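Reader: I have a protein structure open and would like to go through it by question and answer. Where should we begin?

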Amino acid sequence: MKVFCGRANPTTGSVEWLEEDEHYDYHQEIARSSYADMLHDKDRNIKYYQGIRAAVSRMKARGQKALVLDIGTGTGLLSMMAVTAGADFCYAIEVFKPMADAAVKIVEKNGFSDKIKIINKHSTEVTVGPDGDMPCRANILITELFDTELIGEGALPSYEHAHRHLVQENCEAVPHRATVYAQLVESRRMWSWNRLFPVHVQTIHGEQVIVPPSELERCPGAPSVYDIQLNQVSSTDFTVLSDVLPMFSVDFSKQVSSSAACHSRQFEPLASGRAQVVLSWWDIEMDPEGKIKCTMAPFWAQSDPEELQWRDHWMQCVYFLPQEEPVVQGSSLCLVAHHDDYCVWYSLQRTSPEKNGGVYPARPVCDCQAHLLWNRPRFGEINDQDRTDQYVQALRTMLKPDSVCLCVSDGSLLSLLAHHLGAEQVFTVESSAASHRLMKKIFKANHLEDKINIIEKRPELLTSADLEGKKVSLLLGEPFFTTSLLPWHNLYFWYVRTAVDQHLGPGAVVMPQAASLYAVVVEFRDLWRIRSPCGDCEGFDVHIMDDMIKRALDFRESKEAEPHPLWEYPCRSLSEPQHILTFDFRQLVPPHPLRAEGSINLRRPGRSHGAVLWMEYHLTPDSTVSTGLLKPAEDKGDYCCWNPHCKQAVYFFTTPDCGASLGGSRTVSYTVEFHPHTGDITMDFTLADGC
């Protein structure tokens with residue numbers, strides 16, 4: 001059986017549907033899952049174990065059998081904890097069949113097959129009765145259905161159904177309760193992930209300012225949460241405007257509702273400023289008394305920051321208010337948390353919703369196109385004035401009074417920069433309807449709708465008529481394309497440059513002139529955990545899960561590097577940055593592969609967890625923009641500084657415990673090959689000298 005899967009094609013800059021083996025989705029799900037991260041989350045595991053023991057003890061103290069329903073069992077870990085704690089029987093539900101099959105084997109290997117039944121269904125499909133999946137309702141409900149937003153994986157509908165159909169009234173629940181917290185802040189950095197700021201351009205005629213269209217200013221933004229490792233955001237990047245506010249709680253031992261609701265909290269601002277962003281997280285209490293608590297709070301909201309548990313499966317949330325609001329210290333306000341069955345969003349009101357006639361803002365939906373076209377790192381990139389200045393400086397050296405410019409990037413402001421810097425004529429290609437509509441709005445807001453020509457078609461379909469019969473003297477790209485996932489996917493610019501070669505005039509200039517692929521070997525402080533085998537978890541053998549993940553990682557596509565925003569994941573460089581390949585945009589895409597082989601010397605002691613790869617774009621011979629490493633580690637105590645607007649590619653080594661020696665004699669050999677027919681890059685890194 002075959003399945004169709006979407007995959008970005010770097011040669012066309014579009015998402016294509018490809019026929020894949022039926023096991024493709026299975027391997028992708030396992031390889032990219034957070035199962036290993038969860039199993040390594042010792043704080044989570046211990047707290048669940050304590051809560052389960054307490055719940056079973058309370059049920060036994062009532063003289064009742066302990067019948068457990070475990071929804072989303074995964075490896076079966078929580079069910080095995082329950083049996084070990086004295087539960088009489090567990091019904092463990094897992095909808096993902098490969099995971100359910102693995103759970104059966106793990107439960108059997110640990111000797112619990114007679115006490116645990118794995119049910120491969122969605123919990124809403126489970127039946128109760130003599131001929132059902134469960135002969136009777138359970139009296140202990142154990143779940144791990146949470147994501148960073150708490151409810152984003154459908155926890156509320158699942159609990160609602162379970163209480164109605166699968167568990168007894170007044171059952172025990174582990175966790176017993178969850179509470180969502182919020183803190184209002186002002187943050188120019190985080191607000192730059194959601195709004196277009198005025199862009200300043202220094203020209204020979206003085207400063208020009210590119211202003212955002214009013215539609216973008218009024219737009220409430222995208223409804224999706226921005227999950228983030230908030231502990232990596234510097235405290236200097238935001239001003240706290242409120243105390244930490246408990247917004248709402250959910251008691252999982254009682255009937256739960258998935259209906260839309262809102263919860264308001266009155267507070268007095270701690271400082272005057274502009275309310276822009278809500279930082280949010282949650283904790284879960286495993287017992288009714290709240291003595292066993294697992295919290296996602298960032299370090300400044302922890303009672304003991306030294307005990308902070310790193311985890312990637314649960315992080316913190318950044319929400320953007322629909323509009324920034326001025327607040328005055330001491331002047332009472334209401335922060336309102338809204339949620340439906342899957343999403344949370346926030347609003348700020350002068351009075352409580354009850355006093356305001358119960359009028360609640362609707363779930364935010366983007367109507368300006370920008371939040372559909374640009375993701376949050378892209379907003380930050382466009383708002384980076386230093387980066388803009390670098391492009392302006394490069395353009396000054398390239399432009400002539402008679403320059404005819406063609407800009408090829410998705411929703412780029414390069415065309416406006418070229419116009420303000422004196423280009424005779426500027427064309428920009430916008431291949432999507434969203435980018436076409438957005439750029440029209442930006443041009444109109446800046447009175448340039450008659451001065452910059454927008455061409456709505458794919459670049460390779462350009463005709464001479466589209467360019468009004470003119471030859472292009474300067475081809476521009478950042479390059480940035482919305483379909484790109486890995487750093488080298490933006491090499492689509494090279495294919496575009498090749499496709500439009502017939503439209504380039506004699507001596508035409510291409511900017512950037514070239515791109516280089518770089519790599520560095522790193523030791524991660526924490527990120528290595530997502531790929532590290534667990535083996536034994538709280539006394540239970542989960543080697544079967546480790547083997548399952550390894551087989552998935554050995555599958556074709558899962559061997560590739562994967563994108564991560566490394567500013568959120570501290571690491572130390574164990575080698576110097578190594579140049580791997582260069583792609584010369586002044587030439588056409590070659591018909592043959594580009595291949596590089598070599599070795600990287602490890603110069604610092606540490607564990608070699610993987611190689612990080614990124615692109616550097618050479619705008620001119622004297623100007624380079626890096627999408628990756630901005631500053632390597634200088635000594636063993638330093639962490640690398642990464643471009644915060646881009647995701648870098650991480651190639652995890654299969655033997656992550658190997659390390660560089662003090663003498664720096666160890667090496668990593670590599671083979672990297674660019675395939676022009678697919679536009680992709682394959683690679684292999686091998687730890688040498690006994691690793």
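Author: The turns below deal with the model, its rings, its cores, its cysteines and some backbone features. This is a predicted model, in which local features need pLDDT of at least 70, side-chain atom pairs count only at pLDDT 80 or more, and totals for chains, interfaces and linings use all residues. Residues are numbered from 1 along each chain as its sequence is written, and side-chain values use heavy atoms, with hydrogens and water left out.

Reader: How many aromatic pairs are there?

Author: Rings of Phe, Tyr and Trp (its six-membered ring) pair if their centres lie within 6.5 Å; planes under 30 degrees apart count as stacked, over 60 as edge-to-face and the rest as tilted. By this rule, the number of aromatic pairs is 28.

Reader: Of what type is the pair of Trp281 and Trp300: stacked or edge-to-face?

Author: Trp281 belongs to strand β15 (residues 273-285) and Trp300 to the loop between β16 (293-295) and β17 (316-327), so the pair ties together parts 19 residues apart in sequence. Here strands are DSSP runs of E with at least two residues, helices are runs of H or I with at least four, and both are numbered from the N terminus. The ring centres are 6.5 Å apart and the planes stand at 90°, so the pair is edge-to-face.

Reader: Is Trp281 buried or exposed?

Author: Buried means under 20% relative accessible area, exposed means over 50%, and partly exposed is in between (1.4 Å probe, protein chains only). Its partner Trp300, at 26%, is partly exposed. Trp281 has 2% relative accessibility, so Trp281 is buried.

Reader: Which residues touch the most other members of the largest nonpolar core?

Author: A nonpolar core is a set of buried Ala, Val, Leu, Ile, Met, Phe, Trp, Tyr and Cys residues joined through side-chain atoms within 4.5 Å. In soluble globular proteins, nonpolar side chains tend to be buried together. The largest core here has 110 residues, and the members touching the most others are Leu69, Phe146, Leu335 and Tyr346.

Reader: Which element gives the largest share of this core?

Author: A second, separate core of 52 residues includes Val472, Trp494, Ala611 and Phe674. In the largest core, the largest share is seven residues, and they come from β15.

Reader: How many disulfides does the structure hold?

Author: A disulfide is a pair of cysteine sulfur atoms within 2.5 Å. The sulfur of buried Cys368, at 1% relative accessibility, has its closest cysteine sulfur in Cys219 at 3.7 Å, which is too far for a bond. For Cys534, the nearest cysteine sulfur is that of Cys537, 4.5 Å away. The number of disulfides is zero.

Reader: Where is Pro175, which follows a cis peptide bond?

Author: The bond joining Val174 and Pro175 is cis, with omega about 0°. Another cis bond joins Glu478 and Pro479, with omega about -10°. As for Pro175, its place is the loop between β7 (167-174) and β8 (177-186).

Reader: What is the phi of Leu150?

Author: Leu150 lies in the loop between β6 (138-143) and α6 (155-165), and it is buried, with a relative accessible area of 2%. Although Leu150 is not a glycine, its phi is positive, at about 80°.

Reader: Is Asn170 buried or exposed?

Author: Asn170 is in strand β7, and its phi is near 60°, a positive value in a residue other than glycine. With 63% relative accessibility, Asn170 counts as exposed.
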